[in-house]
Protein chains: 2
Amino acid sequence: MNRSILSTLQLVVQAVFLSMVLQPICEHLLHAQDPLPSWRESESKKAILKFVERVTATGTEDFVPPEHRIAVFDNDGTLWSEQPMYVQMAFVLDRAKLLAKDRPELLEKKSIRAIVDGDRSYLSQMTESELVELVVETHANMSTDEFEKIVKDWIATAKHPVYQRSYTECVYVPMVELLAYLRAKQFKTFIVSGGGIDFMRPWVESVYGIPSEQVIGSQGKLRYELRDSVPTIMRLPGIDFVDDKGGKPVGIQRHIGRRPILAFGNSDGDYEMLEYVTAGKGPTLGLLLHHTDGTREAAYDRESHFGRLSRGLDDATKKGWQIIDMQRDWGQVFRFQR
Amino acid sequence: MNRSILSTLQLVVQAVFLSMVLQPICEHLLHAQDPLPSWRESESKKAILKFVERVTATGTEDFVPPEHRIAVFDNDGTLWSEQPMYVQMAFVLDRAKLLAKDRPELLEKKSIRAIVDGDRSYLSQMTESELVELVVETHANMSTDEFEKIVKDWIATAKHPVYQRSYTECVYVPMVELLAYLRAKQFKTFIVSGGGIDFMRPWVESVYGIPSEQVIGSQGKLRYELRDSVPTIMRLPGIDFVDDKGGKPVGIQRHIGRRPILAFGNSDGDYEMLEYVTAGKGPTLGLLLHHTDGTREAAYDRESHFGRLSRGLDDATKKGWQIIDMQRDWGQVFRFQR
């Protein structure tokens, strides 16, 4: 036999060995490990594991092929903390202060004056047009490359006001585990957030393992142009799309183009997303994180200014959605809390 | 030794064998195969292979990590034939005829009357508002699920007027090979087309291996609603986004959020996409397919109604873009031509 045939033979023998001996060992070792170690052994964890096993077991009626294993996650209050305020709001405040230093004329705007003065009562009563003005001032009239750098620099240094840790440390360990577990089971994981899409993209890949093309969020208007002969995408002062409430299913259709089989949210802004996903044919799973843990994180729902959850609590049982109770279901919330 | 230790030992021995013997054999077998067999051994093919090797060779200055290996492809005239007219236009004509049968009042619209009568001279002189009216009539006022089914049924039966084959057979073999080759090299391949995003999604995965979430295209307005209590996404009569010319870099930013390193187009509608991509830092590759083969496909460029290529031909050398000459560079165009 020549060398090529010998090599091929060796290959075949190895392939057989691989599938008959090595693979079962690997699978055994894999199963022996708990994929969700920060989750307590509660009904919630069992429901998640059971659903994933159900849709990935080949040869059954409920089997879902990998290309349809789409899982969508809200971000604020679902993957990371949204209290005492949305992180992007903290970014807006920091950014406005910085801009006012360079351009004192901005202090003539009441909202920016209130930010610099730390006037919380004014800020909590801002009109929507003032809020849009603030977002435009801090997010628009620059290139996408410039904005990306601003976000990267800010997120690298800003600290969460309560935990005094960088914001990217204030992500929920059980959720990061769940994302990784789903991907190991050939799910594609997406973020579907009311937050700004380009505010998330610079850091979500390293923190959640979600690439920038799997992020869906609210978007400002964009325009391609040559700026001093350099091909540039400019961020214009105008909102193109709000990815919240009924906008979430629309955002999913725009970006993904097929109905996910798993949706995880935490507020009434996620209601329509869960409703849309769990109305799909075949097995689906809708999950709502209930913030019940005032000791380790924050306890809030129906009355909260950020991440209000009321309709979702009322309808979860009827809709067959799982309520994940942070206090009951999570053994650990943040990495820095041991 | 107990069984568990034995198993682990076996595992280690196998892992060593795997990396030292099996992997080099596999790599050898892989390299021995030509990844682009339908491409002639021309400078164009060499340039593509060289670029891919350059950005995937670890430990070099030009190495691009897999998450940044984004490749974007126009569809009409780049991945499949756009002559004698855009495929989506043929869909519009067929659909309008079908609708007019059910609703004769539609014949009062001059454009639909012209379609039913086969009045090509009227159709070639339609105003933009008539064209939009036609698109609305054939694409909107239905759910996304309904539209998906209509496209699937149509593409399964419609025939290309010249080749008398289904349209999905009229894709270019060399391009399908290139897409697969890039994915084998850990590129993510995207479509960035002026065509309707939801017209492509139902069939591109099986034909090109590109999942629906990696399709970017023109989009109509959408609205989420409960239709008879059923969660539904409705296609509204209005254009939300035109993914052509300067819209292509914007579409890329909206969906992907980072600059691709390879762009492949064929018309002046792709000019800005190539310009944007090849202005990126680090190695980039811009490619334009020049339709030079009147025998096997169609020969057209500066004067064509569909897929006009003029500016791109003028500036390709200056911009460093590769012109792929169909006649010169492709050994085979369609699968059905041997």
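This passage describes selected helices, histidines and aromatic pairs in a predicted model.

A good place to begin is helix α3 of chain B, which covers residues 87-102. With 16 residues at 1.5 Å a residue, α3(B) should span 22 Å, and the 23 Å between its end C-alpha atoms agrees with that expectation. Many of its side chains can be followed inwards: the buried residues of α3(B) are B:Val87, B:Gln88, B:Ala90, B:Phe91, B:Val92, B:Leu93, B:Arg95, B:Ala96, B:Leu99 and B:Ala100. Their cover includes helices α4 (110-117), α5 (120-124), α6 (128-139), α7 (144-157) and α9 (197-208), together with strand β3 (188-196), of chain B.

Turning to chain A, A:His139 lies in helix α6 (residues 128-139). This histidine counts as buried because its relative accessibility is 7%, a value under the 20% cut-off. Its side chain makes two polar contacts worth a look, one with the side chain of A:Gln88 at 3.0 Å and another with the side chain of A:Thr138 at 2.9 Å. Beyond its neighbours within four places in sequence, A:His139 is in contact with A:Gln88, A:Phe91, A:Val92, A:Phe147 and A:Arg235.

A second histidine, A:His68, sits in the loop between α2 (43-56) and β1 (70-73) of chain A. With a relative accessible area of 34%, A:His68 is partly exposed. Residues up to four places away in sequence aside, A:His68 touches A:Arg258 and A:Ile261. From A:Glu41, A:His68 is separated by 27 residues in sequence and by 28 Å in space, C-alpha to C-alpha.

Aromatic rings offer another view of the model, with 36 aromatic pairs over all chains. One of these is the tilted pair of A:Tyr163 and A:Phe336, with 5.6 Å from centre to centre and 50° between the planes. The two partners come from distant parts of the chain, 173 residues apart: A:Tyr163 belongs to the loop between α7 (144-157) and α8 (173-184), and A:Phe336 to the segment after α13 (326-329). A:Tyr163 is buried at 17% relative accessibility, whereas A:Phe336 is partly exposed at 22%. Elsewhere, ring pairs link A:Trp80, A:Phe91, A:Phe147, A:Trp154, A:Tyr167, A:Phe199, A:Trp203 and A:Tyr208 into a cluster. Among these cluster members, A:Phe91 and A:Phe147 are also contacts of A:His139.

Finally, the two chains meet where helix α9 (residues 197-208) of chain A packs against helix α10 (residues 247-255) of chain B, at an angle of about 65° and with axes 10 Å apart. A:Ile197, A:Asp198 and A:Arg201 of α9(A) make this contact with B:Gln253, B:Arg254 and B:His255 of α10(B). By character, these residues divide into one nonpolar, two polar and three charged.

Definitions and conventions: Residues are numbered from 1 along each chain as its sequence is written. Chains are lettered from A and ligands numbered from 1 in the order in which they are written. This is a predicted model: local features need pLDDT of at least 70, side-chain atom pairs count only at pLDDT 80 or more; totals for chains, interfaces and linings use all residues. Side-chain values use heavy atoms; hydrogens and water are left out. Helices (H or I, at least four residues) and strands (E, at least two) are DSSP runs, numbered from the N terminus. Buried means under 20% relative accessible area, exposed over 50%, partly exposed in between (1.4 Å probe, protein chains only). A polar contact is a pair of N or O atoms within 3.5 Å; within protein, one must be able to donate a hydrogen and the other to accept it, and residues adjacent in sequence count only if both atoms are side-chain atoms. Contact means heavy atoms within 4.5 Å. Axes are lines fitted to C-alpha atoms, for helices over the stretch in contact, and angles run from 0 to 180 degrees between N-to-C directions. Ala, Val, Leu, Ile, Met, Phe, Trp, Tyr, Cys and Pro count as nonpolar, Asp, Glu, Lys and Arg as charged, and the others, Gly among them, as polar. The expected span of a helix is 1.5 Å times one less than its number of residues. Rings of Phe, Tyr and Trp (its six-membered ring) pair if their centres lie within 6.5 Å; planes under 30 degrees apart count as stacked, over 60 as edge-to-face and the rest as tilted.
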